[in-house]
Every structure is written in structure tokens, then in C-alpha cells.
Amino acid sequence: MDPDFFIFNSATSTFTYPVWGNPGDVPVVADYDGDNKADVAVWRPSDGTWYVQLSGGGFIVTTHGQNMDKPTPMDFDGDGKANLAYFRPATGEWVIKDQVGAGTTSIFWGLGSDMPAQADYDGDNKDDIAVWRESDGVWYVRTATATLIAQQWGQTGDIPVPGDYDGDNKNDFAVYRGGVWFILRSTAGFTGVGFGIASDRPVPKAYIP
């Protein structure tokens, strides 16, 4: 059976090739057990099931979401563990599963056509609910303290790629456009970096539906 993931382990300069998932599954790699190692994980749209292979041993298999939802794993509570979460375009609802127990948090944020872009934009070690609206290029962020941020950055056809590009523990607004990364750094403002070609898929986007 062909591997589903190809992983280069930087600590040992070795490769691993886990078989995990079925055709049509969505990769949702994140640190679900708080050991500072990303766990191999997929979300199955057909039935909304998460299959997580924990790097420390054991598995998580649980249903959260349904077909047409967009899985959005995020550390919502700042405990260092990714929460199972999804964005439902039909209603603009984010549903985030608690780490302990079966409780959930439900927050309405965004439109059906928005792209989810959850990340920690204010540096409090909690991922913020956020969307990027292609129609106007505006990022709409709701922080963990319910502070609202709106930032215009990008244009139609761009791919949102938020990340901490300047190392200040805050994710920056960034888009990928035809081989160029346009980044609005929180410490030093705009920079543009050419890396890739128009048909490439930027790596951060691989885990942002």
C-alpha cells in the first residue's frame, strides 16, 4: 500500500512513510496531544470523522462535523493542544470541541464564501477565529478576547497563508500570488518574497481548507 504521508524527521535526518487515511480525506496535521510534535491526522468529509495518530502513542477517532464543513484544527484555549474544530460555510458557524469532555463552543463568524484562516494574530498563544474574504481582500479576525480586527490584504485569486514570518509570536497577514509571497509583517511592515511558480500550492495552505 502506498504511503499517505512522507515525513522528514529533522532530529534524526530520517524519513517515515505512514499509511493513514483514504482517498478523499483532508489532511489536518496539528499537535493534538501537546508534545510539540505534529500528529498525522485526516478528516473524512463523507462522515465527518477525525482520525488522529498521536506521536506519543494512541489514536483519536471521533466524529465532529459533516460533509461540506471545512475542518479547522486550532489551539482555541491556549493549552498547547489543537482542538478539533470546523467552519460550516452554510451558516458561517465555527464549532470547536473542548479537550476534556464532549462540550463544544459555537461562534458565528464569516460568510459562506470566506476562507477560514485561523491563527494566533495577537500573540496570546491562542488561535483566533479568522476568515479571509476574497471579494474585498479583507481579513476579519475575532480574537480570544472578542476583540475584532479587520485588515485589507490581498486581492481576488490570492491564497491566504498566515504565519509568523518575523518571529514575534504573532501570525502575520500574508497571501500567495503566482509565485510571490506578499507578507504584512507585524514588526516591519510589507515584504514580498518570490518563491515558487503560479501552479504551486503554498505549504501553509495545505492545512487551511
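Start by selecting Y17, which you'll find in the loop between β2 (14–16) and β3 (26–27). Strands here are DSSP runs of E with at least two residues, numbered from the N terminus. Y17 counts as partly exposed because its relative accessibility is 48%; buried means under 20% relative accessible area, exposed over 50%, and partly exposed in between (1.4 Å probe, protein chains only).

A word on what you're looking at: this is a predicted model, where local features need pLDDT of at least 70, side-chain atom pairs count only at pLDDT 80 or more, and totals for chains, interfaces and linings use all residues. Residues are numbered from 1 along each chain as its sequence is written, and side-chain values use heavy atoms, with hydrogens and water left out.

Keep Y17 selected and add F6, F8 and F15: together these four make a nonpolar surface patch of about 500 Å². Such patches take residues with over 30% relative accessible area and no salt bridge, joining nonpolar side chains (Val, Leu, Ile, Met, Phe, Trp, Tyr) within 5 Å and like charges within 9 Å. A salt bridge, in turn, is a side-chain nitrogen of Lys or Arg within 4 Å of a carboxyl oxygen of Asp or Glu. The areas come from the Shrake-Rupley method with a 1.4 Å probe, and for residues only the protein chains shown count as cover.

Now colour by pLDDT, the predictor's confidence in each residue, from 0 to 100. The protein averages 92, and 95% of the residues score at least 70. Among its elements, strand β1 (residues 7–9) has the lowest mean, 84, while strand β13 (residues 138–142) has the highest, 98.

Go to β13 next. Five bridges join β13 to strand β14 (residues 148–152), and the two run antiparallel; strands count as paired if DSSP finds at least two bridges between them. Pick out Y140, and opposite it in β14 you'll see A150. The two strands form a hairpin with five residues between them, and A146 in the turn has a positive phi of about 70°.

Still in β13, click on V138. Is V138 buried or exposed? With a relative accessibility of 13%, V138 counts as buried. Leaving out residues up to four places away in sequence, V138 touches V131, W132, R133, A150, Q151 and Q152, where contact means heavy atoms within 4.5 Å. Try a distance too: the C-alpha atoms of V138 and G154 are 7.3 Å apart, with the two residues 16 apart along the chain.

Two open sheets come next. Select β7, β8, β9 and β10: these four strands line up in that order, with antiparallel pairing. At the edges are β7 (70–71) and β10 (104–108), each pairing on one side only. Inside, β8 (residues 85–88) and β9 (residues 93–97) pair in the antiparallel sense over four bridges, and A85 stands opposite I96 in β9.

The other open sheet has the order β15-β16-β17-β18, again four strands with antiparallel pairing. Its edges are β15 (159–160) and β18 (189–194); each has a single partner strand, so one side of each is left without a neighbour in the sheet. Strand β17 (residues 180–185) is joined to β18 by six antiparallel bridges, with V180 opposite G194.

Finish with I197, in the segment after β18. I197 is exposed, because its relative accessible area is 51%. Beyond residues up to four places away in sequence, I197 touches Y176, G178 and G179. Draw one last line from I197 to T63: the C-alpha atoms are separated by 37 Å, and the residues are 134 apart along the chain.
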